[in-house]
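Visitor: I have a structure to look at and some questions about it. Please keep the answers plain.

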Amino acid sequence: MGHVRDLPNNASEVPAAHKGQKWASLGVNTMADFEPLYVVPKDKKKIVKELKAALKGAQQLLLATDEDREGESISWHLSQLLAPKVPVKRMVFHEITKEAIAKALNQTRELDMELVHAQETRRILDRLVGYTLSPLLWKKVAWGLSAGRVQSVAVRLLVQRERARRAFRSGSYWDLKARLEMADGEFDARLTHLEGQKIASGNDFDETTGELKAGSKVLLLNEKEALNLAQKIKSIDWIISSVEEKPSSRKPVPPFTTSTLQQEANRKLRLSARETMRCAQGLYERGYITYMRTDSVHLSDQAIKAARNCVQSRYGSDYLSKSVRQFSTKARNAQEAHEAIRPAGETFKTPSDSGLEGRDLALYELIWKRTVACQMAEAKLTMLSVDLSVGEANFRANGKRIDFPGFFRAYVEGSDDPDAVLEGKEVLLPDMTVGDSPTPKGVEAIGHDTQPPSRYSEASLVKMLEKEGIGRPSTYASIIGTIVDRGYSTLQNNSLTPSFTAFAVTSLLEEHFPDLVDTSFTARMESTLDEIATGKVQWLPYLENFYKGKKGLENQVNQREGDIDSGSSRTIGLEGLSCVVRIGRFGAYLESKRVSEEGEEEVIKATLPQEITPADLDEEKAELILKQKAEGPESIGIDPETAEQIFLLFGQYGPYVQRGQVSDENPKPKRASLPKGLKPEDLTLDEALGLLRLPRLLGEHTDGGKVQAGLGRFGPYVVWDKGKGDKDYRSIKGEDDVLTIKLTRALELLAMPKRGRGGRTALKDLGVPKGSKETVQIYDGPYGLYVKQGKVNASLPDGKGAEDISLAEAVELLEAKAKSKKTRNTKKSASGTTKKKSTTRQSKVNKPPATTKTGRLRASAVRVIKSSET
C-alpha cells in the first residue's frame, strides 16, 4: 500500500484550518522548524479506515514494514494515525520465510526515529526543490515544467550526452580483414601492424575533431593504401608467428536487484523500467517472485537451497558450485530491507510449469535463470590468439573456446553495447602451430567511420545513476517515467533523446543553480540522508542550511530570479548554427534575423519538426526550414491530373506534401505526411503523388468488401471495408510499402491475428457472443491477462489463465466492466459543477496559469504540477 500519509499534492487536499497560510500549498512550514503538513490521500482513506476497524478487536499492533527509511516512516505514520491503545511492537525481517517471520516476532524493537527523520528530510528536500524551482521554470522557460532533486540531474546526464553527440566529428580509417584456411577449417584475421607501426583504430581518434589524438603514434591508412596493400599481400606467403592459449574463468553475476532487473529486462526483453516494475508487481502479487523493490543481492537460506536443488536436478552435480555462493551489495546508498528478487517459495517453479504467458513468462524466466545460475559452477574458458606475418604486415586472429560452460548453461548477462559478442558465445580457431602457413582465401580492405557516443538507453541510464549514487534504485522507474511524461525526453528505438526544452532547463539550472544538477553534490545529499539515519548528522540544522542558509535554495532563488532573463532562458544557442532555437508556447522553433529586399532587418520564425533532435539539427536543415518559411514552399513538380503544384513542407509533426496552395477557393488543400524512413531530400515527384492519392483501392476481398492501402495517424495501413461501418485494419511495417503493396500481400496481413494496444497479439480468440458482431479475445497486458471486446477491457480474476476461461465467463466480466463504466460516468456528470468550483478554489491558492493541450489558458483545467517526487 505504500505511504498512508503524505504532504498535500494540491490545494484541495490542504485542511481548512491551514487554507490561508502562505506555506500551506508547499506543505512544509519553513518558518516553524520545517514542520510538514501531513494529510491522508483520498486513495488511502479506505485502507486507514479498515486498519482502524481491525485494531478495535486486536490485543497488540505489530508494525512490520521494511527496515529502511521509507518502511520505518510508514510504521511511524501508522502509529500516529491509528493511535493504538494496545501494546505496539516493531518487527523487521529481510526475507519472507517462515523462519525469518518467527525470529522477527521474538525480536521486536522500538521505532527508530532517526530512520524516520531521514525519510522525512528526504521528503521535505524533494518538496522544497520541486516546489521552489518548478514555478521559476514556468515563468522563465515554459508552463508545466518541473524540477526535481534527482530528476534534474538525470535530465542533465541526457543533455550532456547529446551535447557530446553535437560536438562529435567523425574520423575515417581503413584496415584489412583476411579470410584464411587451414586443413581443419577457416578463420578471420585483422591487420594490426605495418612495418612495425600499429594500425589506427576508432579509439585513436579525438571525438571533437575527427582527427587522430595528439601524440598518437599509429599509422592511419587511407582507402588507396589499404587497397594496394590488400592486393600486394595476396601473393605473399602467410606464416604463423605465435600461438597463445590463456585459461580464464567467469563467475556468475549476483541475483537481481530492482535496478539490475530493470537494466536486463530493457536489454533482453525491450521493456521500459516502468513496464518491468508493473510486470514484476503482478508476479509478486500472484506469488511467483519475492518483493521486487530491493537493493540487496543477498539470498535467504531457503532460496539458496531451492536454487541448488534446481541445478542438481536440471543440470547435474558437475554444474553445482562447490560451496554456497553469497553476494554483497556494492551499490552506493543501497537499502537492504529485502533479499534479492528471486522465484518465491521453498521450491522454484520452472518457467515451463509456471502457467505464465507473454511478458509475465519472459520476466519470470529471466529471474529464474539468473537466480539458479548464481549457484552454478564457474565457466572455464580458453582465450586464443594467433599472430601471423605476411611481408611487412602483421595480422591477428582471436578466438574463445568454452572448456566447461558452467553457469552459461542457464544464463549469460546482456550488454549495453548491441555489437558486443555475448560471453557465452564460442569463437573457435583451427588447430595451428608456429611456422604453419595458412592459405589466403581473400583479403578485403574495409573502411570505418568513428561513431558518436550512444544515447542513454533506460538500462544504461539506470546503471549510471546507480554508479554515481544518485537517488535510490527502487525509484529509477518513476524518475525515468517523469522525464518522459514532462517532455524532457522521448523514447525512440530504446534510446532516451533529450528535447530542446531539456537543453533550455539544464542550461538555466547549470548557470544559476549548478549544485542542484551536479552529480557529486546530489550523491553527497544521499550520503547525508544515510548519516541522518545513523544519527551522525542532525536533520533540522541540515534542512536549515540547505534552504535558509546564506547559500541556501530560498536565498538563491530570491537573489537570482530578477537576474534571469526569460528571453535568454528560452533561447538555445547551438554551435555551428547561425540561427537560434527558442522555446515557445507550442514547442521549439527556429529564429533568425535577416535583411529584407527593402534593406530592413526582419525576424523569421519557423517551427521545428518534432522528429529533429538537438544533436541532428545542423545548419543545412535549419536553413531549409527557415528558407521555406521566408520564401514559401518550394515546388517539387506538377500533378499531371490536376495541373496543380506539389509542395514539400515542414510542420510541427514532420515533413509533408501538399497539392496546391491555401486560398479562399481551396482553404484545405490535400496533404499527406511522409512515412517513417522516407527522407525529404530523397522524395521524388512520383512518391509525393502516390502519397497524395492515398487511400488507394487494392481490390476485392475474397469474402466480399473492398481492400485499401492508406496512411493514417499511426502510419501506413491496409484496411478491409466489410460494409456498414465494419472495418478491419492492419499496420504496414518492415519491407512493405504503402505505395506498392499488392492485394495478395494485403490479404496475408489481414489474415494475421490482430494486435492489441501496445502491439500485443491476442493469446486466444474466444469467439463472437450471440447477438454481438465483435469477437472476444484474451490479451496479456502490463497488469496481467485480460479479455477484450471492442473498446471494453476486463481483467481476468486471480488464478485464471487463458485456457481456464470460457466465452460465457468472459462476457460476464465484460458486462460488469461496461456497467461500472456507465455508473462512474453518471456520477461524474452529476458532480461536475462541484468539481469545477473546487478546481477554481484551488487556482486561487496556487495561482498557476492553466493550459489546454494547445496552450490556451483555461481556468477549469488548473491543478498543481507535482515535482519529481516518488
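Visitor: How many of the twelve residues of α7 are buried?
Guide: This is a predicted model, and a residue counts as buried when its relative accessible area is under 20%. In α7 the buried residues include Leu261, Ala265 and Arg267. Helix α7 is largely enclosed by the rest of the structure, because the number of its twelve residues that are buried is nine.

Visitor: Which helices do the buried residues of α7 pack against?
Guide: Helix α7 covers residues 258-269 and reaches 15 Å from its first C-alpha to its last, close to the 16 Å expected. Its buried residues pack against α8 (273-285), α10 (358-373), α11 (458-468) and α12 (476-485).

Visitor: Why are the buried residues of α15 on the same side?
Guide: Residues three or four places apart in an α-helix point the same way, because there are 3.6 residues a turn. In α15 the buried residues are Trp539, Tyr542, Leu543, Phe546 and Tyr547. They are on the same side of α15 because they cover an arc around the axis of only 110°.

Visitor: Which residues are exposed on the other side of α15?
Guide: What covers the buried residues of α15 includes α4, α14 and α16. On the other side, the exposed residues are Pro541 and Asn545.

Visitor: Which strands stand at the edges of the sheet?
Guide: Four strands form an open sheet in the order β26-β27-β28-β29, and their pairing is antiparallel. Two of the strands have a single partner strand each, so one side of each is left without a neighbour in the sheet: β26 (764-767) and β29 (792-795).

Methods. Residues are numbered from 1 along each chain as its sequence is written. This is a predicted model: local features need pLDDT of at least 70, side-chain atom pairs count only at pLDDT 80 or more; totals for chains, interfaces and linings use all residues. Side-chain values use heavy atoms; hydrogens and water are left out. Buried means under 20% relative accessible area, exposed over 50%, partly exposed in between (1.4 Å probe, protein chains only). The arc is that of the directions from the helix axis to the C-beta atoms. Contact means heavy atoms within 4.5 Å. Two strands pair if DSSP finds at least two bridges between them. The expected span of a helix is 1.5 Å times one less than its number of residues.
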